[in-house]
Amino acid sequence: MCHSRKSGNPEKRNWIPHQVRNDRQKIIMEKILLKNIENPDSADINEYINVGGYKNLSKAFEYQPKDVIEEVKKSGLRGRGGAGFPTGMKWSFADADPKFPKYLVCNADEGEPGTFKDRPILEKNPHLLIEGLIISGYAIRAEYGYIYLRGEYPYAKEVLNRAIRQAYEKNYLGDNVLGKNIKFHLAVYQGAGAYICGEETALIESLEGKKGQPRIKPPFPVNVGAWGMPTIVNNVETLSNVPYIIEAGAVAYSQIGSKDCPGPKLYCISGCVEKPGVYELPMGISLRNIIYTHAGGIKDGKKLKAVIPGGISTSVLPADKIDCPMDFVSMPKHGSMLGSGAVIVMDESVCMVKVTYRALKFFEHESCGKCVPCREGTEWLRKILERIEQGMGREGDIELLSDVSETISGRTFCPLGDGAAGVVIGMLKHFRHEFEEHIKNAKCIFS
Amino acid sequence: MFKETILKEIDDIKARYPDPKSALLPTLYIAQREFGWLSHEAMHVVAQSLNLPEAMVRGTASFYTMFKHKPMGRHLIQLCTNVSCMILGAERLVDFLKNRYSLEPNITTTDRRFSLVIMECIGACDRGPAMLVNTDFHDSLTEERIEEILEKYK
Ligand SMILES: Cc1cc2nc3c(=O)[nH]c(=O)nc-3n(C[C@H](O)[C@H](O)[C@H](O)COP(=O)(O)O)c2cc1C
């Protein structure tokens, strides 16, 4: 049922319009971010050009940089890295800063557990990202771009480096891009296994060759970023939306998905579902629709217990709370967050204490050690959770978990600590009884 | 000191950044490639080649889990046990590696064939449990599949 693209004519599209349906309708959407990836050679520049690639770059160069920023503002695009900050607005802050040079950094750290959405772009559609980077660099008047790629993606590194070489050969990158007297250079920087380096200021520290510890904000990277200069940090998926915004125009783009939060979205579904994977769907589709219609429902006919909707750092939702539109604006009203769009589905056999314990082991390991509430708090939480899971929980442990979590919340340098605390608070809110039963029975009730 | 060809490789990297300090992570990767792991000697060479204080080199190197501070086996197994993989049985695989290969987290087998590191999500959650062996991804793991896969790494 896939139909061809009619640029600028939203009526022709089969996307959900400005209301969210919580029914089980299957949404068939023209692929924008994952276009052509079934083609085994999709990462090759010629294949990309064959399906219209790099045309939007020439088109963007016909606008003034400021007009590109305006177009992205008008499109309503929000950052896909987790926080959902309006992209055009962020760009205009860097643009307004008189300092030069400015830098563009692509956040390809993809460390949030449960997240594997940037990977298909990096491995199968790298030129979409590169085209997005060049256009974005042009808009903010940056001459250098860096892709900060997580160390755990060695294959993506190979693909990206080859794609960048090809783009240089075709003169999409270099000192005189397309002969338009525009300079843009691009390089891959490989991270080395630190989740915190996904946080933008830690990422910048790491890019400067240091330990990846977050900086205090303000100043924000848009003013004082990499090497002290105005820097835009955007997620892979965010930047990959940009060529289409230029192609279809802001108005058409803003017709896709939710009104306050438009565009295509890559949702990654893992855990106890029949068909896990990355799905490109309109922003704002309901969690129920994603799980039951697109991911084929719960595996082996079991019952759904809970969903972590946006990566491990977002609050868990119980089975009866999944009629929520999956976008940045709606999810907080439903008690969680969209985060990275990483949906982890858990059936009735999964122990919530164990999941919480494993999550906190992660946060303890990844806490950078710079601030005390996070460094000490995550260790305390992990220890308490470990003993509850192992049948050695004590009376008062649940209150202690709440107390430590509340103490961390809002008192850390960066949101990593908040995430850790939020996981515990969310689990206790919805699944307190499981913690109580573990303590009462002195064992894991699921083993 | 590094060989000429490697110094040239490092110079090329430095040229990409406004401040040559940025070459530190890439150079640590190069040192690890050349020496197998980051011994004091290796970090000394890195410090020299970038003209950086050794304390900075060691401080940075110690922050990142993918930099190795002891010799590794011939093949590095990086197995994910984070929530998505855990739900799909990753912990059983940790036990299996221990029983079948005497391989435990952060340990190298006595024949130096394998080292094991437990990972925090490697972005293969839809086909978990998953692992990297050196730079190869392997997913949908079971005990049988792991045994089959590891046969290829001698
Ligand atoms: C602990 C932590 C980890 C993060 N990890 C990532 C990541 O892996 N990828 C990413 O794009 N953003 C990550 N972010 C968000 C970034 O700080 C930043 O908001 C984002 O890169 C901005 O890009 P966007 O506006 O395009 O979303 C993380 C934030 C925190 C606090």
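The following exchange goes through a predicted model, taking up a sheet, its central strand contacts, the nonpolar cores and several salt bridges.

Biologist: In what order do the four strands of the open sheet in chain B lie?

Modeller: The sheet in chain B is open and its pairing is mixed, and the twist from one strand to the next averages 20°. Its edge strands, each pairing on one side only, are β2 (114-119) and β4 (136-138) of chain B. Read across the sheet, the order is β2-β1-β3-β4.

Biologist: How many bridges join β1(B) to β2(B), and which residue of β2(B) is the bridge partner of Ile77(B)?

Modeller: Strands of a sheet can pair in either a parallel or an antiparallel sense, through backbone hydrogen bonds. Here β1(B) and β2(B) run parallel and are joined by six bridges. Within that pairing, the partner of Ile77(B) in β2(B) is Leu116(B).

Biologist: In which sense does strand β1 of chain B pair with strand β3 of chain B, and which residue stands opposite Gln78(B)?

Modeller: Strand β1, residues 75-80 of chain B, and strand β3, residues 131-133 of chain B, are paired over three bridges, and the sense is antiparallel. The residue of β3(B) that stands opposite Gln78(B) is Leu132(B).

Biologist: Is β1(B) largely enclosed or open, and why?

Modeller: On one side of β1(B), His75(B), Ile77(B) and Leu79(B) are buried, while on the other side Leu76(B), Gln78(B) and Cys80(B) are buried, so that both faces are covered. Because six of the six residues of this strand are buried, the rest of the structure leaves β1(B) largely enclosed.

Biologist: Which helix of chain B lies across β1, β2, β3 and β4, and in which domain does that stretch of chain B fall?

Modeller: The helix that lies across these four strands spans residues 143-151 of chain B and runs at about 15° to β3(B), and it is α7. Chain B is divided into domain 1 (4-63) and domain 2 (75-151), and the C-alpha centres of the two domains lie 29 Å apart. By those bounds, the stretch 143-151 belongs to domain 2.

Biologist: How many residues does the largest nonpolar core have, and which helix gives the largest share of this core?

Modeller: The largest nonpolar core has 87 residues, and those with the most contacts inside it include Met346(A), Phe363(A), Leu28(B) and Tyr64(B). Leu28(B), leaving aside neighbours within four places in sequence, is in contact with residues including Leu38(B), Met43(B), Val57(B) and Phe67(B). The largest share of the core, 10 residues, comes from residues 415-441 of chain A, which form helix α15.

Biologist: How many residues are in the second, separate core?

Modeller: Among the members of this second core are Phe61(A), Tyr138(A), Ala142(A) and Leu266(A). The core is separate from the largest one, and its residue count is 59.

Biologist: Is Pro120(A) buried or exposed, and how far is its C-alpha atom from that of Leu266(A)?

Modeller: Pro120(A) lies in helix α5, residues 118-124 of chain A, and touches Leu34(A), Asn125(A) and Val278(A), not counting residues up to four places away in sequence. With a relative accessibility of 12%, which is under the 20% cut-off, Pro120(A) counts as buried. Although Pro120(A) and Leu266(A) are 146 residues apart along the chain, their C-alpha atoms are separated by 9.9 Å.

Biologist: Which residue forms a salt bridge with Arg141(A), and is that partner buried or exposed?

Modeller: Arg141(A), in the loop between α6 (126-140) and β2 (142-149) of chain A, is linked to a residue of helix α4 that is 46 residues away. Arg141(A) is partly exposed at a relative accessible area of 35%, whereas the partner's relative accessible area is 10%. The closest N and O atoms are 2.8 Å apart, and the partner, Asp95(A), is buried.

Biologist: Which residues are joined into one network by salt bridges that share partners?

Modeller: Glu237(A) in helix α9 and Lys265(A) in strand β5 of chain A are 28 residues apart, and their side chains meet in a salt bridge at 2.9 Å, N to O. Both of these residues are buried. The network joins Arg80(A), Lys117(A), Asp118(A), Glu237(A) and Lys265(A).

Definitions and conventions
Residues numbered from 1 in each chain as written. Chains lettered and ligands numbered in written order. Predicted model: local features only at pLDDT ≥ 70, side-chain atom pairs only at ≥ 80, totals over all residues. Heavy atoms only, no water. Pairing = 2+ DSSP bridges. Helix = DSSP H or I, 4+ residues; strand = E, 2+ residues; numbered from the N terminus. Axes fitted to C-alpha atoms, helices over the stretch in contact; angles between N-to-C directions. Contact = heavy atoms within 4.5 Å. Domains from an automatic or database assignment. Core = buried A, V, L, I, M, F, W, Y, C linked by side-chain atoms within 4.5 Å. Buried < 20%, exposed > 50% of the residue type's maximum accessible area, 1.4 Å probe, protein only. Salt bridge = Lys/Arg side-chain N within 4 Å of Asp/Glu carboxyl O.
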